[in-house]
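Here is a friendly briefing to read alongside the model. Grab a viewer and follow the topics in whichever order suits you.

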Amino acid sequence: MKRIIIVALVLVTSASFNSVQAQQLLSRTDTLSYAIGMAQTQGLVDFLKNRQHMDLDYMDNFIEGLREAIASSSDKGKTAFFIGTQIGQQVANQMLPGINKEIYGNDSTKSISTDLFLAGFISGTTGKDGLMTVKDANDKAQTLMKEVKTEELMKKFGDNKKAGEQFLAKNGKKKDVNTLESGIQYKVLRKGTGIIPKVNQKVKVHYEGRLLNGKVFDSSYKRGEPTEFRCTQVIKGWTEALTHMPVGSLWEVYIPQELAYGEHQQGKDIDPFSMLIFKIELLEIVDKQKQEE
């Protein structure tokens with residue numbers, strides 16, 4: 001679960017009256033005070049609208065609350081109340097929508113329980129009546145969020161996983177297809193005679209990636225130039241393939257979804273649980289000095 005940090009909104013202002021006319025700025029201090037107050041509002045309206053999701057038709061209510069907060073700044077009880085209000089707004093408008101989106105995606109009909117979220121939030125804050133420790137709650141939340149998220153994704157994209165498994169089961173029986181211990185399958189299109197990269201090395205490759213339906217989602221050939229990266233800077237399936245390929249090889253590699261992007265959406269083309277097929281041409285090892293390490 002991503003950590004969501006609550007940042008209390010701090011507003012700086014020097015205004016304590018309804019309006020000021022230019023002729024009322026009788027001293028340098030008066031002008032300085034007014035100017036600082038106005039300068040602090042730069043970008044505030046956009047912040048209130050886009051970050052705090054405030055309806056600007058209620059600006060009078062905002063000003064009323066602003067005045068009351070400043071007038072009560074020496075009252076510790078009211079200060080705590082206003083801080084609670086600010087954080088409550090952030091929980092309602094930012095944290096809860098963010099959590100629900102992370103778990104349920106764009107399905108607006110599903111959400112966690114606001115009441116139970118608040119009960120846990122209050123127990124964690126006050127240290128009273130907790131059903132578990134904060135550490136246990138964090139561990140439990142991460143585990144359950146992953147379970148629920150995976151279940152929701154399986155409902156929508158489970159057919160991708162099934163199709164990939166069926167393809168690999170059939171493909172692995174072909175005479176010209178080899179299977180590595182990890183489950184990756186490959187077909188040698190051109191046999192290389194060079195050395196095999198180590199996992200910490202940088203390589204130069206040409207490649208084309210496509211989905212099970214044949215759609216090409218990425219190609220260095222189309223861009224007109226090969227690309228370089230370390231064997232560890234790519235998905236697990238690529239790392240596995242590269243560290244078995246002699247330089248000069250051209251392979252067609254079939255990567256199970258769990259060694260590709262798994263349950264994660266990748267760009268607009270690669271949906272969760274998609275197995276991927278790559279044509280990989282290993283041109284050279286860029287940092288050969290690491291071969292002896």
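**Lead points**

D287 is buried, with 6% relative accessible area. This acidic residue makes a salt bridge to R230, where the closest N and O atoms are 2.7 Å apart. Please keep in mind that the model is predicted. The notes below go from charged pairs to a bent helix, then to aromatic rings and two backbone angles.

**A salt bridge between distant parts of the chain**

- The D287–R230 pair links distant parts of the chain, as D287 is in the segment after β7 and R230 is in strand β5 (residues 227–230), 57 residues apart.
- R230 is partly exposed, its relative accessible area being 27%, whereas D287 is buried at 6%.

**Other salt bridges**

- In general terms, side chains of opposite charge can pair when their charged atoms come close.
- Across the whole structure, the search finds 14 salt bridges.
- One of them joins D139 to K135, with 3.2 Å between the closest N and O atoms.
- D139 and K135 are both in helix α6, 4 residues apart, which is about one turn of the helix.
- K135 is exposed because its relative accessibility of 58% is over the 50% cut-off.
- D139, at a relative accessible area of 36%, is partly exposed.
- K161 and E165 form another salt bridge, at 2.7 Å from N to O.
- About one helical turn separates K161 from E165, since they are 4 residues apart in helix α6.
- Both ends of this bridge are partly exposed: K161 has a relative accessible area of 26%, and E165 has a relative accessibility of 43%.
- K110, E152 and K155 belong to one network, joined by salt bridges that share partners.

**Helix α6 and its kink**

- How far apart are the end C-alpha atoms of helix α6? They are only 48 Å apart, although the helix (residues 134–171) has 38 residues and a straight one would reach 56 Å at 1.5 Å a residue.
- Where is the kink in α6 centred? It is centred on F157, with an angle of about 75 degrees.
- F157 is also one of the buried residues of α6, which include M145, E152, L153 and G158.
- Further along α6, G164, L168 and N171 are buried too.
- The cover over the buried residues of α6 includes α4 (76–104), β2 (185–190) and β6 (250–255).
- E152 appears in two of these topics: it is buried in α6, and it takes part in the salt-bridge network with K110 and K155.

**Aromatic rings**

- A pair of aromatic rings is described by the distance of the centres and the angle of the planes.
- The model has 8 aromatic pairs.
- F217 and F278 are an edge-to-face pair, because their planes stand at 90 degrees, over the 60-degree cut-off, with ring centres 5.7 Å apart.
- With F217 in strand β4 (residues 216–219) and F278 in strand β7 (residues 276–285), this pair ties together parts that are 61 residues apart in sequence.
- F278 is buried, at 5% relative accessible area.
- F229 and W238 also pair edge-to-face, with 5.5 Å from centre to centre and 70 degrees between the planes.
- Both F229 and W238 are buried.
- Which residues form one aromatic cluster? The members are Y207, F217, F229, W238 and F278.
- There is a charge over a ring as well: the charged end of K279 sits over the ring of Y221, 4.9 Å from its centre.

**Two positive phi angles**

- Most residues other than glycine have a negative phi, and most peptide bonds are trans.
- D129 has a positive phi, near 60 degrees, without being a glycine.
- D129 belongs to the loop between α5 (114–126) and α6.
- Is D129 buried or exposed? D129 counts as exposed, at 71% relative accessibility.
- F273 is another residue other than glycine with a positive phi, here near 65 degrees.
- The loop between β6 and β7 holds F273.
- F273 counts as buried, because its relative accessibility of 6% is under the 20% cut-off.

Technical notes:
Residues are numbered from 1 along each chain as its sequence is written. This is a predicted model: local features need pLDDT of at least 70, side-chain atom pairs count only at pLDDT 80 or more; totals for chains, interfaces and linings use all residues. Side-chain values use heavy atoms; hydrogens and water are left out. Rings of Phe, Tyr and Trp (its six-membered ring) pair if their centres lie within 6.5 Å; planes under 30 degrees apart count as stacked, over 60 as edge-to-face and the rest as tilted. Helices (H or I, at least four residues) and strands (E, at least two) are DSSP runs, numbered from the N terminus. Buried means under 20% relative accessible area, exposed over 50%, partly exposed in between (1.4 Å probe, protein chains only). A charge sits over a ring if NZ of Lys or CZ of Arg is within 6 Å of the ring centre and within 35 degrees of the ring normal. The expected span of a helix is 1.5 Å times one less than its number of residues. The bend at a residue is the angle between axes fitted to the seven residues ending there and the seven starting there. Contact means heavy atoms within 4.5 Å. A salt bridge is a side-chain nitrogen of Lys or Arg within 4 Å of a carboxyl oxygen of Asp or Glu.
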